[in-house]
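Biologist: I'd love a close look at one part of this model rather than a quick tour of everything. Could you pick a stretch and walk me along it, then tell me what it sits against?

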Amino acid sequence: MEGGVDDEVGGDGDRLSNLPENIVRHILSFLDSIDIVRASAVSRKWRYIWVSMPYLLKSLELCSIMFMDSLSLANFVSSCPHLENLRVHECSFTDDDIIEITAASLKDLSIILHERSMLFKGPTSREQTIQFGLKVVCPNLVSLKVVSLRSHKFSFQEMNSLQNVLMDFDRPDNNLDVPQCCHALSKMLKGVCNVNALKVSEVFLESRSFRWWTKPNFPWKMPNGTTSCLKYHLKIVELFNVADDKHELDLVRFFLENGYVLQKMRIFWAGNLRVNGKRIYGTENTDEFISEVMKFPRSSSNVALTFVEPESRISFYD
Amino acid sequence: MASSSSSSSTQVKKITLKAADGKHFEVEEPVAMEMETVKSFFVGNEDAMKDMVVPLLNVSSEHMPAILDFYRNHSEFRKRTPPPPAEEVKAFNEAFLENKSDEQLMEMIMAANFLNTKELLNFLTEAAANRIKNKSVEYVRAFFGIENDFTPEEEARIRAENEWAFDGLDED
C-alpha cells in the first residue's frame, strides 16, 4: 500500500492535487488546528488554506475593525461552529442595526465598543448618532461583558448557562435617558434569567455576579417587584465608580432590598476629580453614605458589605 | 438483500446507472435516489423516464459495488427501529474501509462528491483525515500527490514560524 503512493507520485505526478479545494477543506476540517498549521507547509496552494476555514476557530479577537454592516459580523460568527471565546473590541459598524451574536458553542463573549472620545473614521461621520443594538442568543454562554453600549435596544435569549455579567452603558447626555437606562437594567435582569433558566439554574448557577458601573447624578428608579434573577441567583454585586450621590444610594438600596440570596456587595468609590482645586466629581462624605447604607433593610441575612478606596480598586474590566 | 422477500423484490423498480467506463448497474430505485445527482436527473426533468440509463461520468465501475453497498446498509440503518447499535454501524464502516488504498479512497471521495451524497462524502473525507492526522508534511504531500513547490528557504521559514506544530509526529 505504501508502495502504491510512491508509484503514484512517480507516475502521473500531481494528479490528486487537482482535488477540488472544497474537498481538501472538507478533509482538513476533521483535523486539529495543529494539523492545519502543518498543512500550510505542504505547498503554495495550501499555504493560506487555513484562512478560508473560520470554522476551526475557537478563539477570536477582533480589534478596531470597521464592519460595513452588523450583518457581516453575525454571519461570520455563525460560520464558526467551534467558537468559544469572542472579543469584539473597539470595532465600529456603519449602520444602526442590531448586532446579533448567535453561537451555540460560545462561552465567553466580550464586546467593548468605542469610547465616546474615539473618532469614527468611516465613510459617514455619524459617530454621535450610531446606536446599534445588541442581540445575544448563546445557550452556553458563561461570561458576558458588554462595555459602552449606547443603546437600550438589546436582548438576551437562551442564556441559561450565564454566570457572570458585566454591563456598562455609555450614556452621553443626549442619548440614553434615565428611564431608558432603568428599563435596560430591569430588562437585563429578566433577560439573563428567564423562566426556563429557573428550572436548571438552581443547580448550575453557583455564583452569579453582577457588576455595575455607575454614572454620576443618575437617578435610579428601580422597577417594583423583583426579578427571578435577584430572588434566586444573584450572589455578588459590585458597584463601581460610586460617588456619594443620592441616586447611587437608591441603587444600593435596591439590591439590598431585593437581593434575597445576596452574599457579597462591594462598593468601589470613585476617585476625586478636581479642576482648578474645585471638586467637580468624586466622593466627599463616604461616612455619611456608609451610615445610610447600613440603615437599609436587607432581604438576605448574610451580606458582606465592603467599601473599597479608589487606590486599591480593581479594574472594572478584570 | 433481494432474498428477504421475493414477492416484493419483483415489484421494486430498478434504475440503470452507467459507470464512467460504460458498465451498467441495475439498482433499486430507493437506493439510486440516495444519490442527489441521480435524483436530480429525474426530478425536474419531465422527459426523463425511469427506464432511462443514468450516466455517472465520474464514477468508475470499480467502486460502484462498494458505494451501492454503503447506501443500502446506511439507509437500512436509518430506517431501523430501534436504531442499530453503534458497534454495528462502526463494524460496517471499518469493514468498508479495510483494504482500500489511499488512492482508492480518494477516487471514492471524488465519486461521492460527484454523486452529491453528504453522508458518504462526510464518511470518506473523515476517513481520509484520519489517515493524515498527526503525519509529516512529506506524508501529506504523498497522500494527496502534491508536489512541493516551495524553495528550500521558503519551506524552512514556514516551518520555523510554527516549529511547535512539526514536533512529535507519528511515523509515516
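Modeller: Happy to! One term before we start: helices here are DSSP runs of H or I with at least four residues, numbered from the N terminus. Please also keep in mind that this is a predicted model. Let's follow chain B from the loop between α4 (64–79) and α5, where B:P82 is found. The peptide bond leading from B:T81 into B:P82 is cis, with omega near -10°. As background, most peptide bonds are trans, and most residues other than glycine have a negative phi.

Next comes α5 of chain B, which covers residues 86–97. Its length can be checked: at 1.5 Å a residue, counting one less than the number of residues, these 12 residues should span 16 Å, and the end C-alpha atoms are 17 Å apart, so the two agree. α5(B) is hardly covered, since a residue counts as buried with 20 or more other C-beta atoms within 10 Å, and 1 of the 12 residues of α5(B) is buried. Just after this helix, B:N99 adopts a positive phi of about 65°.

Positive phi values come up again further along. In the loop between α6 and α7 of chain B you will find B:N116, whose phi is near 60°, a positive value in a residue that is not glycine. With 14 other C-beta atoms within 10 Å, B:N116 is partly exposed. The loop between α7 and α8 of chain B holds B:N134, where phi is near 55°, again positive in a residue other than glycine. B:N134 has 15 other C-beta atoms within 10 Å, so B:N134 is partly exposed.

Past α9 of chain B, the segment that follows contains B:G168. Because 12 or fewer neighbours makes a residue exposed, B:G168 falls in that class with its 8 other C-beta atoms within 10 Å. The C-alpha atom of B:G168 lies 9.6 Å from that of B:S136, although the two residues are 32 apart along the chain.

Now for what chain B sits against. In chain B, 30 residues are in contact with 27 residues of chain A. Four helices of chain B each supply at least two residues of this side: α6 (102–115), α7 (118–132), α8 (137–144) and α9 (152–161). The largest share, 6 residues, comes from α8(B). By class, the side of chain B that touches chain A has 14 nonpolar, 7 polar and 9 charged residues.

As for the partner, chain A has 9 helices and 16 strands, and 30% of its 318 residues count as buried. Within chain A there is an open sheet of 3 strands in the order β5-β7-β9, paired in parallel. β5 (98–102) and β9 (154–157) are at the edges, each with a single partner strand, so one side of each has no neighbour in the sheet. Neighbouring strands here are turned by 5° against each other on average, direction ignored. β7(A), residues 133–137, pairs with β9(A) over 4 bridges, and A:V136 stands opposite A:F156 in β9(A).

Technical notes
Residues numbered from 1 in each chain as written. Chains lettered and ligands numbered in written order. Predicted model: local features only at pLDDT ≥ 70, side-chain atom pairs only at ≥ 80, totals over all residues. Contact = placed C-beta atoms within 7 Å. Nonpolar A, V, L, I, M, F, W, Y, C, P; charged D, E, K, R; others polar. Pairing = 2+ DSSP bridges. Axes fitted to C-alpha atoms, helices over the stretch in contact; angles between N-to-C directions.
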